[in-house]
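Have the model open and ready to rotate as you read. We'll start with one residue and work outwards from there.

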Amino acid sequence: MEPAFQALSDEALQAKTAEFKERLSAKETLDDILPEAFAAVREASVRVLGMRHFDVQLLGGMVLHQGKIAEMKTGEGKTLAATLPLYLNALEERGAHLVTVNDYLAHRDSEWMGGIYNFLGLSVGVIMHGIDEAERKQAYACDITYGTNNEFGFDYLRDNMKFGLEDLVQRDYRFAIVDEVDSILIDEARTPLIISGPVEQSENKIYDEVKPQVINLKKKQGAIVRGLLKEVRDKLENGDVDDETIEKLVQIKRGDPKNPVYMDILAQNQALKKQVDRTESMLRSQKVLPDLDEDLYCTIDEMSNSVELSEKGIKLMAASGMGNFTLPDLDEESRVIQDDETLDDEEKAERVRVMEDDFMKTSEMLHATQQLVKAYWMFEKDVQYVIKDDQIVIVDEFTGRMMAGRRWGDGLHQAVEAKEGVTVAEENQTLATITFQNFFRMYDKLAGMTGTADTEAGEFYNIYKLQVMVVPTNQPMVRKDFPDMIYKTEREKYKAVFDEIRGLYEKGQPVLVGTISVEKSEMLSKMLKRQGVPHSVLNAKHHEKEAEIITRAGQKDTVTISTNMAGRGTDIVLGDGVRELDGLHILGTERHESRRIDNQLRGRSGRQGDMGTSRFYLSLEDDLLRIFGSDRIASVMERLGMEEGEPIEHGLISRAIENAQKKVEAHNFDIRKHLLEYDDVMNKHREIVYSLRRSILEGRELEQIIEEMVVDKAEALVGKWIDPKQYPDEWDMDDLKGNVARIFGFVPKIGPDDMKQDEFDDLKPETLTELLQEQVLAAYKEKEALFGKEDLQSVGRFVILQIIDHQWVRHLQDMEHMKEGIGLRAYGQKDPLREYQQEGFTLFEELMDRIREETISTLFRIQLLRREPEISRKKKQRMQLSHGDDGGKAPTVRRKEKKIGRNAPCPCGSGKKYKKCCGANA
């Protein structure tokens, strides 16, 4: 087929696009035209870019078109391979999306590959942070659209907050290819996308008030741990290691697990580590661990990433004078107050109010204390976050990038801000949210590509029903991966790392050093600077130089230190003479908790059949081995023995490390699955509410919506106030009529005074419901006739959208509050997820009832003023986008028209002053 396409003129090749579209209109399928479409793209690529797709890229393109994940190694040309299915699926004229991890790649790839699409007559758009609504709408209208996962997700949420159909920017969710699919659909899936806005009244002083007490608590806990360490060291020096010594080590582990002296003791004696872990496990199973914790002010559990104040800690905080830090039993205390006969009703109400206020204040203080304790013990600067422009910026643990705009939830971010002394930001409320799992599952066909997906194949299929296909490399892989080198202590490990870097630099072989945190990369950089070894550093603090640093990384005499390498999107090309020096050497300074991240680092070497080598250096003090390492590692170390500075290479150790990584991966999968199970409940609510919103925007008759609401509300009112087992003369008609008047704004004629007695006596609840519905609908028709159907519908559409948005935000808060304590149901032998589903259903019914009641109540009471201009749109509120590289700052709005003075005549021609007319809502 290639010779036939090579023989075509440019015009004939370009005409193929129109031919393919005609064939699709004639009921041919995409699969029918796939071979010719792929051939057209390959030939266009040769003519426009001078790049011809390899056979394996054609294979990768077929896998992507089938809606599967193509695992293609680094340097195999995923960017070019994606042009094949994107072109083919764009022929349906419903849009094809290419999702990348950052704006740089989205912009680069859309321009680079855009030449192929433009040559073949297709339009290309790009969605980037900071572009305006008109540009977004234009980009989504293109045949092919490039953009980041965050922008696609946020645009979906923003579209469902719009007040006009013409304001929507997105269209169909037909076909999407997700680049670095493991990073987006797995790593980032643990955190939902959130659009939040400021709470009307928020108070964050509590963190600064509690901070001195937490510092005092940390100081006192440190003194206890130091005392325990002294006793343990004395025992170890005398060779007297008994059960009491092991229990003291367990106490130290629970009081300060990252204490360097403690970690050094265990690294020097692996048998002790095994005994400590076993003793802790035994005490936990016997439920006597709390007895051991009594001497501590708080306990830290690194594996579950949680902290808990002990009784001693609560007493210390209470002694500060801020409160007693003990939550009362509200039900019990309220009962005691109500039973107190010495109090009158007013005094009882006041006592209950004071008690509830105290409860809220104590609850806030306890929460702030726990989050501050977590911030001080478990979150380190230049590891989980960096400080930039007086702000705490989260560092993505998988990509090493700063995630500007993203904030930890539940007050943790404010706690870290208070800890570091930066401005504690105002509290926000969630306006809209969705997980990546549920967003991307909306696409009719979803595909993905990455260099590392096979280790997560099970999760991809379970969550997204995506199969992973491993595409062979174009050239055989010749990189040599050396076994891991394991040292006792971190100090010995870094000395060996430095020696190897210096040796490779002197030899001229380029080396890429992988670290897992900003702190470690800068520590290594200082060591190299002291010894005069030139190098470049790529981490969250220097990411703007990313492309330049990576481009140079394959040259002779080059040392590059990088914090993770996921989603960099730039190949490392070897310089002259590097191949003869065994190619690029990858030096990992620590194993990541995910095997994929290690494989991504290794994959930077050996692209397209290049020479290359790799080796990882580990120590027993590394977090992965310290927290998740098994007894087997300790046993092998004990058996083999380790001298100062001597590493161990052993197959058993490597397998044990891989098992530790699998254990963490399984734990993280559980977290993501748990998040999805709970969000699936919210997703059903979201779909119903957003679909109601969309139907209103698309011009569904408001009269029909109101009629449905009236029918439902009238039926609910009769069902609530009328007992079908009673006779009509026993019905509480006054309460029913009063509630109808409260909601609909008029008193219905449905009582014994409004009809003949025999008619009333013969009434049944169903007949009463129909009678009430007829009268309410008749009242609405009167309002329509009075104000005009079009005017009432125009205002009504705006009113109902505002009510839906307001009640949806309240529902999100209700669901979040309910979710916070739902886990405690497990203590009562109840399934928390099932309880969440059941209570979520009840809350959703209440949401829909509130929407119905408020909409009806507003529309039946609304008054339209003649000669007023068209109703103004809801004032835009400042929003914050939480998840990715969004910056989180509101765009600067510049006035295009001349400002109108408040006392000037209104430009609408009403004759009134501007402040009394159109400017009343400004």
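Leu768 touches Val718, Ile722, Trp731, Met733, Leu736, Ile750 and Leu763, leaving aside residues up to four places away in sequence. Here, a contact means heavy atoms within 4.5 Å. This is a predicted model, in which local features need pLDDT of at least 70 and side-chain atom pairs count only at pLDDT 80 or more, while totals for chains, interfaces and linings use all residues. Residues are numbered from 1 along each chain as its sequence is written, and side-chain values use heavy atoms, with hydrogens and water left out.

**The nonpolar cores**

Leu768 belongs to the largest nonpolar core, which has 97 residues. Such a core is a set of buried Ala, Val, Leu, Ile, Met, Phe, Trp, Tyr and Cys residues joined through side-chain atoms within 4.5 Å. Buried means under 20% relative accessible area, exposed means over 50%, and partly exposed is in between (1.4 Å probe, protein chains only). Along with Leu768, the residues with the most contacts inside this core are Leu157, Leu185, Phe440, Phe460 and Phe744. Helix 34 (residues 789–822) gives the largest share of the core, 14 residues. There's also a second, separate core of 54 residues, and Leu217, Leu366, Leu412 and Ala415 are among its members. In soluble globular proteins, nonpolar side chains tend to be buried together.

**Two helices that cross**

Now find helix 30 (residues 702–721) and helix 33 (residues 765–787), whose axes come within 9 Å and cross at roughly 145 degrees. Helices (H or I, at least four residues) and strands (E, at least two) are DSSP runs, numbered from the N terminus. Axes are lines fitted to C-alpha atoms, for helices over the stretch in contact, and angles run from 0 to 180 degrees between N-to-C directions. Which residues make the contact? On helix 30 they include Ile706, Val710 and Ala714, and on helix 33 they include Leu768, Leu772 and Val776. The contact divides into 12 nonpolar, two polar and five charged residues. In that count, Ala, Val, Leu, Ile, Met, Phe, Trp, Tyr, Cys and Pro are nonpolar, Asp, Glu, Lys and Arg are charged, and the others, Gly among them, are polar.

**The seven-stranded sheet**

Next, look for an open sheet of seven strands in the order 3-4-2-5-12-1-13, with parallel pairing. Two strands pair if DSSP finds at least two bridges between them. At the edges are strand 3 (124–127) and strand 13 (468–470), each pairing on one side only. From one strand to the next, the twist averages 20 degrees.

Strand 2 is a good one to zoom in on. Here are its pairings:

| Pair | Bridges | One bridge partner pair |
|---|---|---|
| Strand 2 (residues 96–100) and strand 4 (residues 144–148) | Five, parallel | Thr100 and Thr148 |
| Strand 2 and strand 5 | Four, parallel | Val99 and Val178 |

Is strand 2 enclosed or open? Five of its five residues are buried, so strand 2 is largely enclosed by the rest of the structure. Ala96, Leu98 and Thr100 point one way from the strand, and His97 and Val99 point the other way. Two helices lie across strand 2, strand 3 and strand 4: helix 9 (residues 133–141), running at about 135 degrees to strand 3, and helix 10 (residues 149–159), running at about 100 degrees to strand 4.

Helix 7 (residues 83–90) is largely enclosed too, because eight of its eight residues are buried.

**Some residues to check out**

Glu180 sits in the loop between strand 5 (175–179) and helix 11. Its phi is positive, at about 50 degrees, although Glu180 is not a glycine. Glu180 counts as buried because its relative accessible area is 11%. Asp582 has a positive phi as well, near 75 degrees, and is found in the loop between strand 18 (559–563) and strand 19 (584–588). At 35% relative accessibility, Asp582 is partly exposed.

Asp182 is in helix 11 (residues 181–187) and is buried, at 0% relative accessibility. Asp182 and Thr450 are 268 residues apart in sequence, yet 6.8 Å apart in space, C-alpha to C-alpha. Among the residues that Asp182 touches are Thr450, Phe460 and Arg596.

**The whole chain**

Zooming out, the protein chain has 35 helices and 21 strands. Buried residues make up 52% of its 922 residues. Of the contacts with a separation of 6 or more, 75% are between residues 24 or more positions apart.
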